[in-house]
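Reader: I would like to learn how to read strand pairing and helix packing in a model of this kind. Could you take me through the features one at a time?

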Amino acid sequence: MADMPTPHGSSARDAVPDLSTVWLRVFLEVARHGSFTVAARALGWTQSAVSRQISSLEGALGGAPLFDRLPRGVALTEAGRVLVPHAEAVAEALHGAGRELAALREGAGGRVRFGAFPTADSALVPRALAAFRDRHPGVHLSREEGLTPRLLERLASGHLDLAIVSTTGRAPLDAYELRHLLDESLYVAVPTGHPLAGQRPIRLAQLADADWISGSPHPEGTLLDAALRQGFRPRVAHVVGEWTAKQGYVAAGLGVALVPALAADSVRADIALLTVLDEGAPARAVYAATVRGRSLSAATEAFLGVLAEEARRIGSSGAPVA
């Protein structure tokens, strides 16, 4: 074998020997059987082929013999006894890698890192997590919560394998592979004593003069984009980011708020939900986004499938999703 250059700053003594895993396999077989002939039979090789592999291994390790050639069989030398546990560790490491890679191929192991926007956590995500955990208990799932633009940044940078995003926020989605999960309708949350409570579906324009509670002072890029499409600019009286806090403001009569269908089941009892008429297109679409061209693990593909299943169940179960 040709001499290998040693890294800068290290001596030949420190260099890692260039060994073939085949040599180590043959070495362990010979050590186990104490015979080149029996090892050759176990491997399905000729005795001379086994002998050549051992000679190559001895040469790569500096030339010291690993076996004493005896009249009947072979016996490990001191150098051979030193090598045995290291060869076994290499073999076990390779077997372990093979097992883990097989689990990845089958979706039985590995990890899935995903992100979701807040209201997806109300129904879609927990249902999908429960179903996936039952089917793939060996896969480690980690979740991040964030708004769609931030989730897409995390996805593009490689920190997430997939992101559950929505068309709210005007984030550019063209650069991503999108799998449609569901379309959401909208509701308006009002105090239970509100004049419109209990009425049939309304148009948002009927609340053009109302005070609104929103997570942003500007309607652009939020659910209140729907009001802009209906011809009025809502007056945001209170900027409240957290959903349960928004409900408290509505219940106290401080304004009204838009509620996406995925969050409708979690509304408190002292709030009424008014169905908003669908004026042509759904208020927002929900997608599972991945990076176009990036390969997905079997576990990630399986989780995407579970998300799609649960989205269909939500849409067909009578839950308030368009």
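**Strands and helices**

Author: In this predicted model, strand β3 and strand β5 (residues 162-166) pair in the parallel sense over 3 bridges, and within β5 the bridge partner of Ala 116 is Ile 164.

Reader: Which strand is joined to β3 by 6 bridges?

Author: That is strand β4 (residues 140-145), which runs parallel to β3, and in β4 it is Arg 143 that serves as the bridge partner of Phe 114. Between β3 and β4 the chain passes through helix α5 (residues 124-135), a β-α-β crossover that is right-handed.

Reader: How many of the residues of β3 are buried?

Author: In a regular strand the side chains alternate between the two faces of the sheet. Strand β3 (residues 111-116) is mostly covered, with 5 of its 6 residues buried.

Reader: How are the packed helices α2 and α3 oriented to each other?

Author: Two packed helices are described by the angle between their axes and the distance between the axes. Helix α2 (residues 36-43) and helix α3 (residues 47-60) pack at an angle of about 105°, with their axes 8 Å apart; because angles of 65 to 115 degrees count as roughly perpendicular, α2 and α3 are described in that way.

Reader: Which residues meet there?

Author: From α2 come Phe 36, Thr 37, Ala 40 and Leu 43, which meet Gln 47, Val 50, Ser 51 and Ile 54 in α3. The residues of this contact divide into 5 nonpolar, 3 polar and no charged.

Reader: Is Ala 299 buried or exposed?

Author: Ala 299, found in helix α9 (residues 298-316), has a relative accessible area of 1% and is therefore buried, the cut-off being under 20%.

Notes
Residues are numbered from 1 along each chain as its sequence is written. This is a predicted model: local features need pLDDT of at least 70, side-chain atom pairs count only at pLDDT 80 or more; totals for chains, interfaces and linings use all residues. Side-chain values use heavy atoms; hydrogens and water are left out. Helices (H or I, at least four residues) and strands (E, at least two) are DSSP runs, numbered from the N terminus. Buried means under 20% relative accessible area, exposed over 50%, partly exposed in between (1.4 Å probe, protein chains only). Two strands pair if DSSP finds at least two bridges between them. A crossover is right-handed if, with the strands pointing away from the viewer, the path from the first strand over the helix to the second runs clockwise. Axes are lines fitted to C-alpha atoms, for helices over the stretch in contact, and angles run from 0 to 180 degrees between N-to-C directions. Angles under 35 degrees count as roughly parallel, over 145 as roughly antiparallel, 65 to 115 as roughly perpendicular and the rest as oblique. Contact means heavy atoms within 4.5 Å. Ala, Val, Leu, Ile, Met, Phe, Trp, Tyr, Cys and Pro count as nonpolar, Asp, Glu, Lys and Arg as charged, and the others, Gly among them, as polar.
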